[in-house]
Amino acid sequence: MDSIIACKDESLQSGLESSLDIVLLSVDGTDGLQQLLSAMSALAKHDDHHRRKVANIHFATFIAKTELDISRYHADLIRTFLIAFNDSDIDVVKAAWTAQNELARRLKKDDMCNLVDSTRQTLLQNTIAGARVPGFELPKGITAIESARAA
């Protein structure tokens, strides 16, 4: 993560990004998954906006490509991403939207129904009624949770 953030060489940057994805996708088993998601969630909430952005970018890749069953973490992941929808850095918001969208694509209809209450609760606890939420102002902003909301 430090190398990705500090890197100024685009060709090296690409290799570092790929390496991080390889490491994340190499995790197997319940214990490894729990540790990975805990570490990535902490980075997605880090004080440094660069770390938050990189964490969300790689969360998106992990969610899109992992073969592990992440269903027991759906509510936690949604909470992490929706909180970032209100981030002060637009790049963090965009990365979180992409991660949430990847998660929404992966959800089955039954999963969506079970997540409506926790998604609603997260929004109520982390937004102010009538205030703008940058993640929902992006083009197609609401679509990242629209399926779960419609269910």
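Here is a chat about the helices and the largest pocket of this predicted model.

Me: Why are α2 and α4 called oblique to each other?
Reply: The two helices pack at an angle of about 50°, with their axes 10 Å apart. Angles under 35 degrees count as roughly parallel and 65 to 115 as roughly perpendicular, with the rest, short of those over 145, called oblique. The angle fits neither of those first two groups, so α2 and α4 are oblique. As for handedness, α2 passes α4 in a right-handed crossing.

Me: How do you know which residues of α2 meet α4?
Reply: Contact means heavy atoms within 4.5 Å. On the α2 side that picks out Glu17, Leu20, Asp21, Leu24 and Leu25, and they meet Val54, His58, Thr61, Phe62 and Lys65 in α4. Sorted by class, this contact has five nonpolar, two polar and three charged residues.

Me: What makes up the contact of α3 with α4?
Reply: Helix α3, residues 30-44, packs against α4 at an angle of about 145°, and their axes are 7 Å apart. From α3 come Leu33, Leu36, Leu37, Met40, Ser41, Leu43 and Ala44, while α4 brings Arg51, Arg52, Ala55, Asn56, His58, Phe59 and Phe62. By class that's nine nonpolar, three polar and two charged residues.

Me: And what about the contact of α4 with α5, what classes of residue are in it?
Reply: Asn56, Phe59 and Ile63 in α4 meet Leu77, Thr80, Phe81 and Ala84 in α5. Phe, Ile, Leu and Ala count as nonpolar, and the split comes out as five nonpolar, two polar and no charged. These two helices pack at about 145°, with axes 12 Å apart, and their crossing is left-handed.

Me: Now the largest pocket: which residues line it?
Reply: The lining is Ile4, Ile5, Cys7, Gln13, Glu17, His49, His50, Lys53, Val54, Ile57, Asp89 and Asp91. To make that list, a residue needs an atom within 4 Å of a pocket point. About 180 Å³ of space lies in this pocket.

Me: Which helix gives the most to that lining?
Reply: That's α4, with five residues. Helices α1, α2 and α4 each supply at least two residues.

Me: What makes four of the lining residues count as charged?
Reply: Asp, Glu, Lys and Arg count as charged, and the lining includes Glu17, Lys53, Asp89 and Asp91. So the charged group has four members, beside five nonpolar and three polar residues.

Conventions:
Residues numbered from 1 in each chain as written. Predicted model: local features only at pLDDT ≥ 70, side-chain atom pairs only at ≥ 80, totals over all residues. Heavy atoms only, no water. 1 Å grid on protein atoms, 1.4 Å probe; cavity = no way out; pocket = protein on both sides within 12 Å on 5 of 7 lines; lining within 4 Å. Points joined across faces, edges and corners; volume = space filled by probe spheres on them. Helix = DSSP H or I, 4+ residues; strand = E, 2+ residues; numbered from the N terminus. Axes fitted to C-alpha atoms, helices over the stretch in contact; angles between N-to-C directions. Left-handed = near helix turned anticlockwise from the far one by under 90°.
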